[in-house]
Amino acid sequence: MKPPAEIRLTPGKRVLFLTKDPDLIRKQLRGELDLQMKDLRVEDLLDDINTDVMTPAWVCFDHKPEDLARNAYAGLIVDGKRLFEQDDLLNGNFEVIVSGYRKGVGSSRETATQAEVWSGIRIAIAASFAPIHAANNINQGLLMGDHQILRRLQAGERIPLGEFTKGYDAITQMIIREGGLFPFAKALERSEIDLPTPDTPRRAMTMGEKILARHARGGVQSVKPGDAVVVDVDGGYTHEFTTAQVHYFLEQEYGSDYTIRNPQKFAVFEDHLIYADDVARMRPFLPKIEVLRKLQHDFQHHTSCRDFSAHDKISPGICHEVAREFIVDPGDLIQATDSHTCMGGVNNALAWGVGSTEYANLVQSGFTMVEVSESIRFELVGQLGENVTAKDVMLSILLEYAKPQMTLDRIMEFTGPGLRSLSMDERATLANMATECAARTAIVEADEKTFAWIKAMRPDADIDALRKRAVSPDAGAEYAGGVHVIDLSEIRPMVAHPGDPDHGISSDPTNGARIDEIGDVKIDIAYAGSCTAGKIDDLLFYHQVAKEAVDNGLKVAGGVKFYIQFGSQAVEKFARDNGLLDTFERAGATVLNPGCGACIGCGPGVSENPNQVTVSAINRNYKGRSGPGKLWLASPLSVAASAFTGKITAYTPGMFARRRELVRV
Ligand code: SF4
């Protein structure tokens, strides 16, 4: 529905403030309290509300928005209990929801927006929004504003719609005015809208700008941040968590005989929920998961898109890992329904996650609308220490650059001589965690290693053609976020701590600390896997530590479970062919089939009670995401070392030999 020309609060409707004090939220939900922004400070409001909190994984097993909205904010847990019971948001008669900084970080799941919209929310207020979540809000017709706008609304003011569209590019403004992406697309089809073409004169460009200019329709030579462009998309994918909604939305909007353009450019993956049967807490949801699997199968059958389904209940691998192995080329523009789509940036592509609505629209039309983002560049110099990995680099960037919002909604570019010292798998970790930085995406400059790696994965690839498609930043390209030199030799083993979400300190990947600062943290689980840390080099890191440990007579520490999960079948084959599995077995680790699994709470390796502590090589530590326990993020080397010591430990080569000597003394 189109929003009115002037926005005001509806008499009788309410405003919900998501405060750091949970009691205030409880009172508002019970209808005992109505707050005013003028009586609050922004610091009183919850920051970093992630999409896992808004709609935890199990809520997304309902693919119809009206069903999943009944459990809006089911992931907001305080003292072990849901703050929002079923239908609380729906029954509260709220039309505005208010929070602090970085609303909607984390997963790209559009369900988070849908849960609010289908509960009656029409305006979201925050100090800042994570980019994918903001795009989902726009696509669903949810207006966004800041706390100043709310003060004025609560004072009874009527605010022109133009104030809600201010600052957005020309096309995004049109989408907001039409009330969302589907109404906009229909108006476009009816020729009621003329799309603008940017006329930016030729200029020096960043890597991201070059790829967008190359894909823009309408004879665009150059682009600059803020330009709105209509771009052709080279490829994309969904997985069984998101495909059902894409199929459902397309049927609703275009009828059951809908078609998609270029089906061979798009793919479906079965990777997220494939091992959910092994998690006791997931068993009640298995019938719903089965529906999601069936709807994905129906979509694939209906559209003839590429099929990466599981066989014999074993996934071909995590979509992002398999995509960089077999789909993503240098210079590509890739869109997929998952926030870690940014991992494709390792192949010198521009790739980011989108919501189900945006994806449905782009597969149907073959193009999408993009606002050119600003860029921030990280020039890597020096070499990593022998116990430091790219994960430590990212945990450090999260702390130093993402926490103060320097990466927010920007394209992170990685260049420099230090980058060239990193393997492709390590570079993939840099690209993968751009979404934790609340960045638009990340892109890694290509070199001969890039082309050789792609050729090794796809023997029919043409290296000369790959070279021609690659982009590098122009001399004089502008970086609104700055150019930052990072000396890899200065990075130390890092963790991100789980915070104290019950008391307003969110569990967040930006909670960085050096391992030598955290004291003794005993662990129950060490999890080694995910798209961030299930690559061949990660397996080699786990093996390096495990081999050293078993060669010195050690096994996984008593009371600790050490899970190792492959990112793809190619990774598993490498581990098998090179004897890694034998070492893991001797160490007492549990090796798991390829897929997402515990990372999203849907496979072996999840915690089972709030007292358990996990050290994990995954990319995000949001409360409840991987079970109810506390989750610390760390590098593959640190995770493996911790599995043998029983507490969070930075790996040091030779550490287990020294340990044996100490025991002998
Ligand atoms: S491994 Fe985790 S972060 Fe990566 S795609 Fe799967 S669920 Fe998402």
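Start by selecting lysine 186 and tyrosine 254: the charged end of the lysine sits over the tyrosine ring, 5.3 Å from the ring centre. Keep in mind as you click around that this is a predicted model.

Next, pick arginine 440 together with tryptophan 352. Here too a charged end sits over a ring, with arginine 440 at 4.1 Å from the centre of the tryptophan 352 ring.

Now for ring against ring. How many aromatic pairs does a search of the whole structure find? There are 13. For one of them, show phenylalanine 61 and phenylalanine 241, a stacked pair with 5.6 Å centre to centre and 25° between the planes. Colour the chain by residue number and you'll see that this pair links distant parts of it, 180 residues apart. Phenylalanine 61 belongs to the loop between helix H2 (51-54) and helix H3 (65-68), while phenylalanine 241 is in the loop between strand E10 (235-239) and helix H12 (243-254). Switch on a surface and ask: are these two rings' residues, phenylalanine 61 and phenylalanine 241, buried or exposed? Both are buried.

Stay on phenylalanine 61 and add phenylalanine 285. These two also form an aromatic pair, this time tilted, at 5.5 Å centre to centre and 55° between the planes. Phenylalanine 285 lies in the loop between strand E11 (266-269) and helix H13 (286-303), and phenylalanine 61 in the loop between H2 and H3, so the pair ties together parts that are 224 residues apart in sequence.

Check the accessibility of each partner. Phenylalanine 61 has a relative accessible area of 2%. Phenylalanine 285 comes in at 19%, and it counts as buried because the cut-off is under 20%. Then add Trp58 to the selection: Trp58, Phe61, Phe241 and Phe285 make up one aromatic cluster.

Last stop, further along the chain: select strand E23, residues 561-565. The strand is mostly covered, with 4 of its 5 residues buried. What joins E23 to strand E22 (residues 525-528)? The answer is 4 bridges, and the two strands run parallel. To find the register, look for isoleucine 525, which stands opposite lysine 561 in E23. Bring in helix H21 (residues 536-551) as well, and you have E22, H21 and E23 making a right-handed β-α-β unit.

Finally, show strand E24 (residues 590-592). E23 is joined to E24 by 3 bridges, again with the strands parallel. Glutamine 565 is a handy marker on this side, standing opposite leucine 592 in E24.

Technical notes
Residues numbered from 1 in each chain as written. Predicted model: local features only at pLDDT ≥ 70, side-chain atom pairs only at ≥ 80, totals over all residues. Heavy atoms only, no water. Buried < 20%, exposed > 50% of the residue type's maximum accessible area, 1.4 Å probe, protein only. Pairing = 2+ DSSP bridges. Right-handed = clockwise from strand over helix to strand, strands pointing away. Phe/Tyr/Trp six-rings, centres within 6.5 Å; stacked < 30°, edge-to-face > 60°. Lys NZ or Arg CZ within 6 Å of the ring centre and 35° of its normal.
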